[in-house]
Amino acid sequence: MSFEIRHKHNTARNTSLFTAGDDRINFCEAECFAEIFCAYAIIFANSMAVFKTISRQALAATILLFAVFTSSRAQAPAAYSSADIYLQLKKLNVLGSVLYIAAHPDDENTRLLAYFSKEKLYRTGYLSLTRGDGGQNLIGDEQGIDLGLIRTQELLSARRIDGAEQFFSRAYDFGFCKTADEALKTWDHDKILSDVVWVIRKFQPDVIITRFPGDERAGHGHHAASAILAKEAFAAAADPTRFPEQLKNGVQTWQAKRILWNAFNFGNNNTTTPDQFAAMIRNDFAKWSKVIKEAGLRAE
Ligand SMILES: [Zn+2]
């Protein structure tokens, strides 16, 4: 969300890049315009000392009315369709939450997120450690941070469709690397681990799911590192001696019930196995075992 605050005062160029059909950004534009208009109007009014008092009062009233109008637009409540409201009412009757963790925008299994959020009605989140700054761009010339901003908006748009919540960490996508060690060293292991722990303590998931395994089968150092950090954070989030400063800022320790790996089969890389559910059938996870089996997940 910090991006949106920065964006509010960003350039028209960036606005055109990110905002097609996005009402929230349009409100930001209205706010910016109102601020600029009022600032110039006040300067103009102060410089017109020769005007009679009544004229200056009329101008002040006009400015006030304009500011009220644009402020009321900026605070207009979000509009929901009947289907959205019906879905949200149904979700009130379902307890259960899932946090999916990977490294980049586009790593996430969007079908799985939609399945959890809109079919099983669980509270669902995706933590992308990076914003995809180091990815390739075949449809424009934006690279680095500019590309990361675009991909941030792509994820936020995707979550508005699949119904999941979006989280990021402070990890910067510096491009491809071969090993998790390189990624964790570049990112600062403890800093990014603290971010993952923070999201877990804040979101309080019942189940955590990684997209990748924590080894070379992940295919990218960032991918493997995301799984390593997720496993470490699964335990650290429940430990009051780990990152205790967070506990003074509105979160509590949290022990998720289970951590899973969303095994995959694409390209020549098949990480699924016929017995991948064998270790998972336990009474205390009866609720989840059925969901896990339906969704094609693997015990970690
Ligand atoms: Zn990736």
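User: Which residues of helix 9 and helix 10 meet each other?

Analyst: Happy to start there; please keep in mind that this is a predicted model. From helix 9 come I192, L193, V196, V197 and I200. Their partners in helix 10 are L229, A230, E232, A233 and A236. Sorted by class, this contact holds nine nonpolar residues, no polar ones and one charged residue.

User: What makes E232 the charged residue of that set?

Analyst: Glu belongs to the charged class, together with Asp, Lys and Arg. E232 is among the helix 10 residues that meet helix 9, and the contact has one charged residue.

User: Why are helix 9 and helix 10 called oblique to each other?

Analyst: Helix 9 covers residues 189–203, and it packs against helix 10 at an angle of about 55°. Angles under 35 degrees would be roughly parallel, and 65 to 115 would be roughly perpendicular. An angle of about 55° fits neither range, so the pair is oblique. The two axes are 9 Å apart, and the crossing is right-handed.

User: Why are helix 8 and helix 10 called roughly perpendicular?

Analyst: The same reasoning works here. Helix 8 (residues 180–187) and helix 10 (residues 221–236) have axes that cross at roughly 75°. The range for roughly perpendicular is 65 to 115 degrees, so this pair earns the name. Their axes come within 7 Å.

User: Which residues make up that contact?

Analyst: Helix 8 brings A180, E182, A183 and L184, which meet G221, H222, A224, A225 and I228 of helix 10. The classes are six nonpolar, two polar and one charged. Gly counts as polar in this scheme, and G221 is in the helix 10 part of the list.

User: How do you know that the buried residues of helix 6 lie on the same side?

Analyst: Helix 6 runs over residues 110–119, and its buried residues are L112, L113, F116 and S117. They cover an arc of only 120° around the axis, which puts them on the same side of the helix. As background, an α-helix has 3.6 residues a turn, so residues three or four places apart point the same way.

User: What does the face of helix 6 turned away from the buried side carry?

Analyst: That face carries the exposed residues R111 and E119.

User: What makes L121 worth a look just after helix 6?

Analyst: Its backbone angle. Phi of L121 is near 65°, a positive value in a residue other than glycine. L121 sits in the loop between helix 6 and strand 2 (123–128).

User: Why is L121 called partly exposed?

Analyst: L121 has 18 C-beta neighbours inside 10 Å. A buried residue needs 20 or more, and an exposed one has 12 or fewer, so L121 falls in between and counts as partly exposed.

User: Why is D188 called exposed?

Analyst: D188 has 12 other C-beta atoms within 10 Å. The exposed class takes 12 or fewer, so D188 is exposed. This residue is in the loop between helix 8 and helix 9, and it has a positive phi of about 80° although it is not a glycine.

User: Why does K257 count as partly exposed?

Analyst: K257 has 13 C-beta neighbours inside 10 Å. Exposed residues have 12 or fewer, so K257 counts as partly exposed. K257 is in the loop between helix 10 and strand 5 (258–261). The C-alpha atoms of K257 and V207 are separated by 5.7 Å, with their positions 50 residues apart along the chain.

User: Is D133 buried or exposed, and how do you know?

Analyst: D133 has 23 C-beta neighbours inside 10 Å. The cut-off for buried is 20 or more, so D133 counts as buried. D133 lies in the loop between strand 2 and helix 7 (145–162). Beyond its neighbours within four places in sequence, D133 is in contact with G144, I145, L147, G148, Y172 and D173.

User: Why is R170 called exposed, and which residues does R170 touch?

Analyst: R170 has 12 other C-beta atoms within 10 Å, and 12 or fewer means exposed. Its place is in the loop between strand 3 (165–168) and helix 8. Not counting residues up to four places away in sequence, R170 touches K191, I192 and D195.

Methods
Residues are numbered from 1 along each chain as its sequence is written. This is a predicted model: local features need pLDDT of at least 70, side-chain atom pairs count only at pLDDT 80 or more; totals for chains, interfaces and linings use all residues. Axes are lines fitted to C-alpha atoms, for helices over the stretch in contact, and angles run from 0 to 180 degrees between N-to-C directions. Helices (H or I, at least four residues) and strands (E, at least two) are DSSP runs, numbered from the N terminus. Angles under 35 degrees count as roughly parallel, over 145 as roughly antiparallel, 65 to 115 as roughly perpendicular and the rest as oblique. Two residues are in contact if their C-beta atoms, placed from the backbone, lie within 7 Å. A crossing is left-handed if the near helix is turned anticlockwise from the far one by less than a right angle, and right-handed if clockwise. The arc is that of the directions from the helix axis to the C-beta atoms.
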